[in-house]
Amino acid sequence: MSDEVRARLRAIPSVNELLAEWPVVKAVGETCDAVVHAAVTAELDEERAAIRAGAAPRSKRDLASAIEWRAHRSALPSLRPAVNATGVVIHTNLGRAPLAESVAKAVAEVARGYSTLEYSVDTCSRGSRKEHAAQLIRSLTGAEDALVVNNNAAAVLLVLATHAAGKEVIVSRGELVEIGGSFRIPDVMEASGAKLVEVGATNRTHLSDYERAITLDTAMILKVHPSNYRIEGFHEEVGSRELAALAHKHGLLFYEDQGSGALLPDDILVRGGEETTPASVSAGLDIVSCSGDKLLGAAQAGIIMGRRDLVQACGSHPLMRALRPGKLALAALEATLRIYLDGADVAHREVPVLNMLTLPQAHLERRARKLRDRMVAGLDKAGCPCAVQVEIVEESSTPGGGSLPTVELPTMCVAVRLVDARLTVDALKRSLVQDFDTPVVTRTSHDRILFDVRTLVGDRDIETAASTLVACVEKAIAR
């Protein structure tokens, strides 16, 4: 280490000196001593490492400002609101389905005090959380009974553990999918105690493949939603009705992991080759399960529907205790299902996922113009109108969340092309996410940052997206 580096290290302000600086004093008032002391330690460690690497030392004021910012970031909740400008409607990384306003109010009402989670107002005694939402699901799908667990993977695990543990379950090789987080259907099946029997080829499975695989140890035929991919071209699979008939012919159960949970027969489902949950229930299936936070548009949940005796057996299994949902998820699911009771028009207007998926092009164009105009006005006011070029472009959105993988939705984006040499696409995209309390998540294409207006939630998100872009540009060119 050179004498110059040693001198620079000795010149770094002490902890006490930094704690006396106004930005750090302000941070203590806004957070707490422990958070600020941790920020001071981290920033000093970073400063020493930078100086050893040859960087010039920062002033005491710059260090204090960096400590204030680090303390502020540390005090923010890790789970907080974000603006989804990616165009991916059911964005798993961003929390999947946003809730309707009425649903958010219902959740807040349940969250702020005690509730009737396991209390029966009819008997004035202990009740069961299994009944919440069950009657609504029965009414909307035609199922004999229904049960809610904490997600659809839990539903698959519970159904298999209840009705196929130690027994064989026949599945097409083309349906052994990997779901989010690297979890795979074979792994879930193994955890349930069921024995996987693969049939057919990756791209083609025939009814005869299933029938030849049936043995005395077979308990069930399982059909799995292909989630986030489709096999096209030289491809064949067996439909649910044919598989149900085959299963019943041999005294077996037929279970369909239906996946997305769509309740309404929209045109977009036809384009994606999807069935609604009510259609699956009416196809003669014994058990059907789906997610609550995909095309249904509620909170994270798994819904098991079908024959009353089979559903009730799942509800009595010891795993149910580990897989049961909490009061907030149940409140969100019940409130969302009540919107569907008011009819398709109301559901499309009030359930955000349905609304976003079916927005008319004219509406998207108006929204894009509003966002562009806010950005241009903000850049003019900030004195940096020539730093970027802002224009409206036609692009495509995707449903996301492992739903409708072949469907692309025509959309409108506000494209930001960088002009000032001090700006880079990667740095600006990262700044939109990291430099302010509400992350604005975008996508890039052809050296442009795209703000897809399909997934912006009302004027609030438009204002946040515009003001954050302006602030990020202003900050970048001021360096």
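Which residues line the second largest cavity? In this predicted model, that lining consists of Ile137, Thr141, Leu263, Thr277, Cys290, Leu296, Ile303, Met305 and Leu337. The volume of the second largest cavity is about 40 Å³. At least two of its lining residues come from helix 7 (134–141), and at least two from strand 12 (302–306). Seven residues of this lining are nonpolar and two are polar, while none is charged.

The search of the whole structure returned two cavities of 30 Å³ or more. The largest cavity holds about 60 Å³ of space. Its lining is formed by Ala262, Leu263, Leu264, Asp266, Ile268, Leu269, Leu295, Tyr340, Leu354 and Leu357. Two elements, helix 12 (267–271) and helix 18 (352–357), give two or more residues to the lining of the largest cavity. Nine residues of that lining are nonpolar, one is charged and none is polar. Leu263 is listed in the lining of the largest cavity and also in that of the second largest.

The domain assignment divides the protein into domain 1 (3–75), domain 2 (83–93 + 357–478) and domain 3 (101–350). Domain 2 is given as two segments. Taken over C-alpha atoms, the centres of domain 1 and domain 3 are 53 Å apart.

The largest pocket has a volume of about 1300 Å³ and is lined by 44 residues. Of these, Ala97, Pro98, Leu99, Val457 and Arg460 lie nearest the centre of the pocket. Domain 2 and domain 3 each contribute at least three residues to the lining. The elements that supply two or more residues are strand 1 (83–84), helix 6 (101–111), helix 17 (344–350), helix 18, helix 19 and helix 21. Helix 21 provides the largest share, four residues. By class, the pocket lining comprises 21 nonpolar, 13 polar and 10 charged residues.

Helix 19 (residues 361–382) and helix 21 (residues 458–478) also pack against each other: their axes come within 9 Å and cross at roughly 35 degrees. The crossing of helix 19 with helix 21 is right-handed. On the helix 19 side, the contact is made by Arg367, Lys370, Leu371, Arg374, Met375, Gly378, Leu379 and Ala382. Helix 21 takes part through Asp459, Ile462, Glu463, Ala465, Ala466, Leu469, Val470, Val473 and Glu474. The residues of this contact divide into 10 nonpolar, one polar and six charged.

Technical notes
Residues are numbered from 1 along each chain as its sequence is written. This is a predicted model: local features need pLDDT of at least 70, side-chain atom pairs count only at pLDDT 80 or more; totals for chains, interfaces and linings use all residues. Side-chain values use heavy atoms; hydrogens and water are left out. On a 1 Å grid over the protein atoms alone, a cavity is a set of points where a 1.4 Å probe fits but cannot get out, and a pocket is an open set with protein on both sides within 12 Å along at least five of seven lines; lining residues have an atom within 4 Å of a point. Grid points are joined across faces, edges and corners, and a volume is the space filled by probe spheres set on the points. Ala, Val, Leu, Ile, Met, Phe, Trp, Tyr, Cys and Pro count as nonpolar, Asp, Glu, Lys and Arg as charged, and the others, Gly among them, as polar. Domain bounds come from an automatic or database domain assignment. Axes are lines fitted to C-alpha atoms, for helices over the stretch in contact, and angles run from 0 to 180 degrees between N-to-C directions. A crossing is left-handed if the near helix is turned anticlockwise from the far one by less than a right angle, and right-handed if clockwise. Contact means heavy atoms within 4.5 Å.
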